[in-house]
Amino acid sequence: MGFPISPEKIERRHYIDGAFSESSDKGTFELKSPYSHEKIVDVCEATVEDTNRAVAAAKAAFPSWSNTDPQTRGSYMKKLAELIKQSNDEFAQLDAMAMGRPVSQYFDAGYAASLFEHYAMMGYEAQGTTSLNTPGFMNMTLRQPIGPVAAIIPWNVPVMMLGMKLAPALAAGCTVVLKSSEKAPLSSAKLAALAHEAGFPPGVINILSGHGTPSGATLSSHMDIRLINFTGSTFTGRKIQAAAAASNLKKVVLELGGKSPALVFEDANIEKAAGETVFSLQMVMGQACIANSRIYVQETVADKFKAAFKANFKAAKKGDPLMPETQQGPQADVIQYERIKTYLNAAKEGKGKLEIGGEVTQVDGKGFFVEPTVYSDVPEDEKTQKEEVFGPFVNINTFKTEAEAIEKANNTEYGLYASVYTNDLSRAMRVAKAFESGAVGVNCTSPTHAMDMPFGGYKGSGQGREGLGYSLEEYLEIKTVLIKIDDAPK
Ligand code: NAD
């Protein structure tokens, strides 16, 4: 079948300074469906010149936007939230077409809209403090927007990422240049069109499409960008931090990869643990930073857990991501598919035991599909146990004691999300305390999270936190104002 949205109705240009434009050199890149392999559309590829123009627009818009009262800023954000909600189905279709996400799993637009709604009034929370503790002075702090900022997002949950990056920055009074991922640029361009309709002043929101080089690299080393908020791989995160250090030492917020462990103790509800840990790996076809890609089960219940897990994992219906009955779509693109194949090969050559899957596959002769794959008894130093596979792939190992389970769970350079299943409250709390991880699920696992709780990583999974009540802080500078007063009454 063809696509539900015809190419001429798809926005594929950059949004800079309140207007849509082609690339300065007219350059484009071809976007293809990972399911049918058909061409969807040629998307504009941002050049250095386009990127510099977007930064200049954000810089020019900053004085006025940062001086606009929070209620007015919030009114644009509320309007945008409404438009995003109304466009839910179109966002779902655009991401299904571009990166294979089943429309049946789509929740990003609702989540993004609620972020814009929640942040709409949060600009009022940017307040300082006062101090009378220094005799002869009345001192205060001012919390002010840091300046024009940049955001670079991945492809797996793009609209959610747009909400997470844009909403707090705009509420704080910052102007933004955001670069979407080359694998899923269409939903970001659609959001740009909605921002335009919502009436944001020119230059406040600028959205570019294109690859890491040149556009992303230009943003990370730009002298006029004061903060860069990046979500993506740890590999690229390192480059962004190095570019920031080498240019103007801009503030860097990094949300990076994960190799998240789930521990299942013998006293847990095994069926529930198996069902939820499977869902964690099915979401976005295992291409989620928080997927529980290492599972450790207590030896005594390992057979029972594995049987339940495998039955659940195999059951997902593969197919066209645009069809409502599809539960497993293709992997995002040929690059992602080839990357996963290298891990399937490494696992075959390794010492683990294949339980199910282990191969790539197709549906009706189409698509970059991967069989849900489970290996067991995988040595801790194997490639698939240490690196992020980013596919429907999991290693299930066993443990005897709590101490052994914690040691193995923390034996990673990542630290994004960790879960523990047990009915022993004291053990749950001990393990939660011991995990080296930005988030912990007790008797639940990813994607479970809460909007008002911080999100971010320990160790190689990143730095800084996002989430209501936490993100705003990243976008504000603190200024100390020392006011000398004449103490003697006149
Ligand atoms: P990626 O690092 O390859 O790309 C991410 C973004 O960075 C893209 O927009 C890309 O164009 C851009 N980029 C690439 N090279 C760049 C450079 N040199 N300078 C500036 N920008 C550059 O990651 P991906 O494949 O898009 O996404 C998958 C990764 O993202 C996984 O590692 C996953 O764990 C991580 N992720 C993390 C979170 C989180 O919140 N922690 C959420 C989603 C995804």
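In the predicted model, the lining of the second largest pocket takes at least three residues from each of two domains, namely domain 1 (7–256 + 462–478) and domain 2 (261–442). This pocket has a volume of about 290 Å³, and its lining comprises 16 residues, among which Glu30, Leu31, Lys32, Asp333 and Val334 lie nearest the centre. Two elements, strand 3 (28–32) and helix 11 (334–349), each give two or more residues to this lining, and strand 3 supplies the largest share, with four residues. By residue class, the lining of the second largest pocket divides into eight nonpolar, five charged and three polar residues.

The packing of the nonpolar residues was examined next. The largest nonpolar core contains 88 residues, and within it Leu170, Phe200, Phe305 and Phe309 touch the most other members. Among the contributing elements, helix 5 (residues 158–172) gives the most to this core, with 11 residues. The largest core, moreover, draws at least three residues from each of domain 1 (7–256 + 462–478) and domain 2 (261–442), as is also found for the lining of the second largest pocket.

For Phe305, when neighbours within four places in sequence are left aside, the residues in contact are Val264, Ile270, Ala273, Ala274, Thr277, Ile295, Val297 and Ile396. Separate from the largest core, a second core of 19 residues is present, and its members include Ala57, Ala58, Leu219 and Leu254.

How values were computed
Residues are numbered from 1 along each chain as its sequence is written. This is a predicted model: local features need pLDDT of at least 70, side-chain atom pairs count only at pLDDT 80 or more; totals for chains, interfaces and linings use all residues. Side-chain values use heavy atoms; hydrogens and water are left out. A nonpolar core is a set of buried Ala, Val, Leu, Ile, Met, Phe, Trp, Tyr and Cys residues joined through side-chain atoms within 4.5 Å. Buried means under 20% relative accessible area, exposed over 50%, partly exposed in between (1.4 Å probe, protein chains only). Domain bounds come from an automatic or database domain assignment. Contact means heavy atoms within 4.5 Å. On a 1 Å grid over the protein atoms alone, a cavity is a set of points where a 1.4 Å probe fits but cannot get out, and a pocket is an open set with protein on both sides within 12 Å along at least five of seven lines; lining residues have an atom within 4 Å of a point. Grid points are joined across faces, edges and corners, and a volume is the space filled by probe spheres set on the points. Ala, Val, Leu, Ile, Met, Phe, Trp, Tyr, Cys and Pro count as nonpolar, Asp, Glu, Lys and Arg as charged, and the others, Gly among them, as polar.
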